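Subject: Structure for your review

Dear colleague,

Please find below the structure that I am handing over to you. My notes on what was found in it follow directly after it.

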Amino acid sequence: MSETHLDLRGLKCPLPALKTRKALSRAAPGAVLVVSCTDPMAVIDIPHLVGQPGDAIEAQDKQASDAGAEVLVFRIRKAGAA
């Protein structure tokens, strides 16, 4: 299964969650979405959004960007057959 990368750095709440939801709605069951964002509220919003339809966060990480901002990275698997 392929991974789709979604770069949402620089977007403010609620855009990272809304764009993640839209990407997940278009993804095939079992697909993996890797989301990168800088909005600190995403650490709350994205896990909440992912858990509602039964999708799963496989990994969550914090990284430093070149600009010094903290980048939150979520690896999400769409519910359904892998």
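A salt bridge is taken here as a side-chain nitrogen of Lys or Arg within 4 Å of a carboxyl oxygen of Asp or Glu. Please bear in mind throughout that this is a predicted model.

Salt bridges

By that criterion, the structure holds four salt bridges. E3, E58, R75 and R77 are linked in a network of such pairs. Within this network, E3 pairs with R75, with the closest N and O atoms 2.1 Å apart. Because E3 lies in strand β1 and R75 in strand β4, the pair ties together parts that are 72 residues apart in sequence. R75 also meets the side chain of E58 in a salt bridge, at 2.9 Å from N to O. That second pair again links distant parts of the chain, as R75 is in strand β4 and E58 in strand β3 (residues 56-64), 17 residues apart.

As to solvent, E3 is partly exposed, with a relative accessible area of 37%. E58 is likewise partly exposed, at 40%, and R75 is partly exposed, at 27%.

A further salt bridge joins the side chains of D7 and R9, at 2.7 Å from N to O. D7 counts as partly exposed, with 49% relative accessibility, and R9 is also partly exposed, at 46%.

Nonpolar core

The largest nonpolar core has 12 residues in all: L6, L8, L24, L33, V35, C37, A42, I46, V50, L72, F74 and I76. At least two residues of this core come from each of β1 (3-8), β2 (32-37), α2 (42-51) and β4 (70-77).

Which residues does L6 contact, leaving aside its neighbours within four places in sequence? L6 is in contact with K19, T20, A23, L33, V34, V35 and S36. Among these contacts, L33 and V35 are themselves listed in the core.

Cysteines

A search of the whole structure finds zero disulfides. Why is C13 not bonded to C37? A disulfide requires two cysteine sulfur atoms within 2.5 Å, whereas the sulfur of C13 is 10 Å from the closest cysteine sulfur, in C37, which is too far for a bond. C37 is accordingly in no disulfide, the nearest cysteine sulfur being that of C13.

Is C37 buried or exposed? At 0% relative accessibility, C37 counts as buried, and this cysteine is one of the residues of the largest nonpolar core. C13, by contrast, is partly exposed, with a relative accessible area of 41%.

Helix α1

L18 has its place in helix α1 (residues 15-26). At 42% relative accessibility, L18 counts as partly exposed; the cut-off for buried is under 20% relative accessible area, so L18 does not count as buried. L18 and D45 are 27 residues apart in sequence, and their C-alpha atoms are 9.5 Å apart in space.

I would suggest reading the salt-bridge section alongside the model, with E3, E58, R75 and R77 displayed together as the network.

With kind regards

How values were computed:
Residues numbered from 1 in each chain as written. Predicted model: local features only at pLDDT ≥ 70, side-chain atom pairs only at ≥ 80, totals over all residues. Heavy atoms only, no water. Core = buried A, V, L, I, M, F, W, Y, C linked by side-chain atoms within 4.5 Å. Buried < 20%, exposed > 50% of the residue type's maximum accessible area, 1.4 Å probe, protein only. Helix = DSSP H or I, 4+ residues; strand = E, 2+ residues; numbered from the N terminus. Contact = heavy atoms within 4.5 Å.
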